[in-house]
Amino acid sequence: MKKRILLLLLAAMLVFTLSGCRTGFSMNASELMRPPKATGGNAQIQELIDKHAGDNYTLKYPQNGTYRTAITTVDLDGDLKDEAIAFYLPAGETQTIHLLIMKEINSQWVVLGDHLSTSTMVDRLLFADLDGDSVKEIIVGYGSYNSLINTMSLYLLDGNRSVELASSYTYTDIKIADFTDGGKDEIMLLSLYTTEKSASAALVTLNRTRNNLYTIAESPMDDSVVSYAQLLTGDIFEGQFGLVVDGLVPDSKNANNSYYKTQILFYDDSTQALKSVAFTKDEPTNQAYRSYAFLSEDIDSDGVIEIPNTFRLPLAEGMVDVSPAPVIYWCEYGFGGDMTVKEKTIASISYNFYFFVPEKWNDSFTAYANYSTNEVTICQWDEKRGVGQELLTLKMFEPSVWNDGASSKGYTQLAVSDSYVYGFKIPQSNSPLMLTNEEIAEAFVLRDKQ
């Protein structure tokens, strides 16, 4: 019994440990009634919440985004001291979440503002310098009964108080970045299709002189996309910053299947417009409409995001015990609408790797996976002759199997993950397509799990 009580006390202490500028008190449950007592500055924050929230309040936490705790600490005004932000629901309330903004002044924590919402949940919490004054504004998304429609609220620091700006903006997802290259942040609001509104994107900023939010530019988006798989900011071609949106599209013939579709958004300074580019199956030069779950990334580390165009590699008739591997053509978008292939990779989702195709292979290769033996085999390919000579076998070993030495004999180790030891074996051949051990090691890369 004593041991159990001690463990409970230790758990309570850990719940209220600050973890730096990104997060404050870390919550293990979605809602906590009367959290355990903290000490020092943390105790002052808790006492302040107790004072304003009253008895039996419920702490609320953002359900999405980077900041997921009910109490978040972050340096908003650049004075190297964190402010604190808390969400709570007073006892007896069901639809009025409070946002409490607190600051330490002269070694004493005080409340800058206690702001009310008309929502039952917090979707996300973000911070952005929207006016370029080096002071972060607080952006809060509040959820609604419709998961595709969240409402955005904005809060500003004004001396020793906080102010809420009126906002009628809604969104499905948000991305913060300097999209206009103006030295300050903007808010990109993305909205999926609903029965009330078509899919769209809006670029929003703050006019501090008038203390209001306004839309810089808007653009329609693809109505067929039903959810976002990834929002990735970066250069979309040389010198042009933008947002790459990988989304999911349901298969009209099979409700259990989905396709991936990529869209690009960027602000064109010359026309002062928000440009949207979609890559669909209806455009033969832009085949970023794919069934494979590969997402856009800067695959060659050149500072520009590449878009994956995926294809299933060919097999000969009768090869029924193996599965064709996908090949990805990583393409860079050009302002004129052209797509340039930057890299080709043979890929495996199951085994979580890329194999960069060497230039000398051109398109004279194919690959297939045998999941019963945990092998991926790469062979020569000819349109007339089909599958030809084996070029390389990649085999995934469980660590214990690799370590016993017998089963892994003849294989050279490439990499190690939590699940596998990756080995390779090459046949004896005089083919000009054969690779050296060094070339194979350079071409093989474990994927970041997306």
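**Exercise 1. State whether Cys 379 and Cys 331 are buried or exposed, and how many disulfides the structure holds.**

Cys 379 has a relative accessible area of 3% and is therefore buried, where buried means under 20% relative accessible area, exposed over 50%, and partly exposed in between (1.4 Å probe, protein chains only). Cys 331 is likewise buried, with a relative accessible area of 3%. A disulfide is a pair of cysteine sulfur atoms within 2.5 Å, and the structure holds 0 of them.

The model is predicted, so that local features need pLDDT of at least 70 and side-chain atom pairs count only at pLDDT 80 or more, whereas totals for chains, interfaces and linings use all residues. Residues are numbered from 1 along each chain as its sequence is written, and side-chain values use heavy atoms, with hydrogens and water left out.

**Exercise 2. Describe where Thr 96 is found and what its side chain contacts.**

Begin with the location: Thr 96 is found in the loop between strand S4 (83-89) and strand S5 (98-105), strands being DSSP runs of E with at least two residues, numbered from the N terminus. Thr 96 is buried, at a relative accessible area of 16%. Next, take the polar contact, a pair of N or O atoms within 3.5 Å of which, within protein, one must be able to donate a hydrogen and the other to accept it, with residues adjacent in sequence counting only if both atoms are side-chain atoms: the side chain of Thr 96 makes one with the side chain of Glu 93, at 3.2 Å.

**Exercise 3. Analyse the aromatic pair of Tyr 351 and Tyr 420, starting from that of Phe 311 and Tyr 329.**

Rings of Phe, Tyr and Trp (its six-membered ring) pair if their centres lie within 6.5 Å, with planes under 30 degrees apart counted as stacked, over 60 as edge-to-face and the rest as tilted; the structure holds 19 such pairs. Phe 311 and Tyr 329 are edge-to-face, at 5.4 Å centre to centre and 75° between the planes. Because Phe 311 lies in strand S20 (residues 307-312) and Tyr 329 in strand S22, this pair ties together parts that are 18 residues apart in sequence.

Tyr 351 and Tyr 420 are also edge-to-face, at 5.7 Å centre to centre and 75° between the planes. Their pair links distant parts of the chain, 69 residues apart. Tyr 351 is buried at 2% relative accessibility, and Tyr 420 is buried with a relative accessible area of 18%. Finally, ring pairs link both into a cluster whose members include Phe 353, Tyr 371, Tyr 422 and Phe 444.

Notes:
Helices (H or I, at least four residues) and strands (E, at least two) are DSSP runs, numbered from the N terminus.
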